[in-house]
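Subject: Structure handover and findings

Dear colleague,

I am handing over the structure below, and after it I set out what was found in it. Please read the notes with the coordinates open beside you.

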Amino acid sequence: MRKRSHRPRVVLALAVAAALGVAGCDAVGGDSPTPSATARPSPKPTPLWDRSPSSVAAVGDSITRGFDACEVLSDCPEASWATGASPEVDSLAVRLLGRTGAAERSWNYAVTGARMADLPGQIAQAVRRKPQLVTVMVGANDACRATPAAMTPAPEFRADFEDSLRSLRKALPKAQVFVASVPNLKRLWSEGRTSPMGKQIWQLGICPSMLGDADALDSAANLRRSTVQKRVEDYNKVLKEVCAEDERCRYDGGAVYDYRFGTTQLSRWDYFHPSVNGQARLAEIAYRTVTAERP
């Protein structure tokens with residue numbers, strides 16, 4: 001008897017295998033390789049803005065030093081909105097890092113009387129700590145001069161601020177910056193002039209361009225105050241525009257300028273600088289800005 005050939009079965013098996021192979025390639029997109037069973041999804045990119053930085057350095061002027069918040073004509077850094085330890089203030093550093101963390105990883109390089117021209121030097125000190133967040137509140141003293149003519153010109157204010165951010169970026173490319181707007185000085189005059197004691201302190205030289213002759217309401221006095229106020233608005237425009245050019249910088253959107261400080265938020269000694277309560281309000285504004293999902 002002749003043996004039956006198995007050749008047709010072999011041919012059929014090869015044809016089926018070839019068909020399955022073609023189908024398999026099509027299932028993953030033509031010539032794409034079959035995905036590995038151990039492949040991992042690509043990690044999400046690190047966001048440009050970290051809403052929970054692990055260290056904070058503050059630069060600026062008397063407001064950030066807590067001037068006149070605790071004692072007359074004295075700094076009170078423990079009441080600072082940025083780095084203070086006072087439980088009444090609940091500073092930005094405490095809100096972000098906790099009390100222990102704030103004590104270990106926050107630093108205050110602000111100086112009472114500082115102007116924007118002093119900011120590069122403060123930044124140079126701050127970067128040595130390699131902070132993840134730098135807070136900036138400066139500009140009031142640029143407007144608070146002996147006369148409006150002595151105020152810092154807006155172009156100089158801009159140049160010094162740009163220089164400060166360039167220095168920061170060179171040293172710490174990924175550091176974040178929170179920029180507070182300059183307060184509404186005219187509103188502070190309007191609130192503080194109701195206090196006889198406050199006006200006596202003003203005569204010692206606190207912001208004479210705005211607070212001098214506090215009770216004068218003649219056209220010259222009104223023009224003087226309006227000139228100072230316009231310069232503050234120019235400064236805030238500079239802060240907004242320069243900060244917007246840096247992808248790791250957040251401006252408060254004018255929140256400090258817009259805040260309606262009342263007598264409760266002003267120092268009971270000079271009725272101009274923030275009180276402990278006022279410092280707490282500044283801390284709230286900063287914390288909202290730093291932790292917001294979007295600027």
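A residue counts here as buried under 20% relative accessible area, as exposed over 50%, and as partly exposed in between. Please keep in mind throughout that this is a predicted model.

Salt bridges

With that cut-off in hand, Lys230, at 45% relative accessibility, counts as partly exposed, and Asp234, at 22%, falls into the partly exposed class as well. These two side chains form a salt bridge in which the closest N and O atoms are 2.8 Å apart, and both residues lie in helix α10, 4 residues apart, which is about one turn of the helix. Salt bridges that share partners also join Arg193, Lys199 and Asp215 into one network.

Within that network, Asp215 forms a salt bridge with Lys199, with 3.0 Å between the closest N and O atoms. Asp215 sits in the loop between α9 (208-211) and α10 (219-244), while Lys199 belongs to helix α8 (residues 196-202), so this pair ties together parts that are 16 residues apart in sequence. Asp215 has a relative accessible area of 48% and is therefore partly exposed.

A further salt bridge links the side chains of Glu104 and Arg105, at 3.9 Å from N to O. Here Glu104 counts as exposed, at 53% relative accessibility, whereas Arg105 is partly exposed, with a relative accessible area of 31%. In total, the structure holds 10 salt bridges.

Aromatic pairs

How many aromatic pairs are there? The count comes to 3 aromatic pairs. One of them is formed by Trp81 and Phe178, which meet edge-to-face at 6.0 Å centre to centre, with 70 degrees between the planes. Trp81 lies in the loop between α2 and α3 and Phe178 in strand β4 (residues 176-179), so the pair ties together parts that are 97 residues apart in sequence. Trp81 is buried, with a relative accessible area of 0%, and Phe178, at 1% relative accessibility, counts as buried too.

The rings of Tyr259 and Phe261 have their centres 4.8 Å apart and their planes at 75 degrees, so this pair is edge-to-face; the angle cut-off behind that reading is over 60 degrees. Tyr259 counts as partly exposed at 24% relative accessibility, whereas Phe261 is buried, with a relative accessible area of 5%.

The cavity

Phe261 also appears in the lining of the largest cavity. The structure holds 1 cavity of 30 Å³ or more, and about 70 Å³ of space lies in the largest cavity. Besides Phe261, the lining is made by Ile63, Ala140, Pro183, Leu185, Leu188, Phe272, His273, Pro274 and Leu282.

A nonpolar patch on the surface

Turning to the surface, Val72, Leu73 and Leu204 make a nonpolar patch of about 270 Å². Leu73 lies in the loop between α2 (62-65) and α3 (92-105), and this residue is partly exposed, with a relative accessible area of 43%. Since patches are made of residues with over 30% relative accessible area, Leu73 passes that cut-off with its 43%. The loop between α2 and α3 that holds Leu73 is also where Trp81 lies, although Trp81 is buried at 0%.

With kind regards

Methods:
Residues numbered from 1 in each chain as written. Predicted model: local features only at pLDDT ≥ 70, side-chain atom pairs only at ≥ 80, totals over all residues. Heavy atoms only, no water. Patch = residues over 30% accessible without salt bridge, like charges linked within 9 Å, V, L, I, M, F, W, Y side chains within 5 Å. Areas by Shrake-Rupley, 256 points an atom, 1.4 Å probe, with all protein chains shown as cover. Salt bridge = Lys/Arg side-chain N within 4 Å of Asp/Glu carboxyl O. Helix = DSSP H or I, 4+ residues; strand = E, 2+ residues; numbered from the N terminus. Buried < 20%, exposed > 50% of the residue type's maximum accessible area, 1.4 Å probe, protein only. Phe/Tyr/Trp six-rings, centres within 6.5 Å; stacked < 30°, edge-to-face > 60°. 1 Å grid on protein atoms, 1.4 Å probe; cavity = no way out; pocket = protein on both sides within 12 Å on 5 of 7 lines; lining within 4 Å. Points joined across faces, edges and corners; volume = space filled by probe spheres on them.
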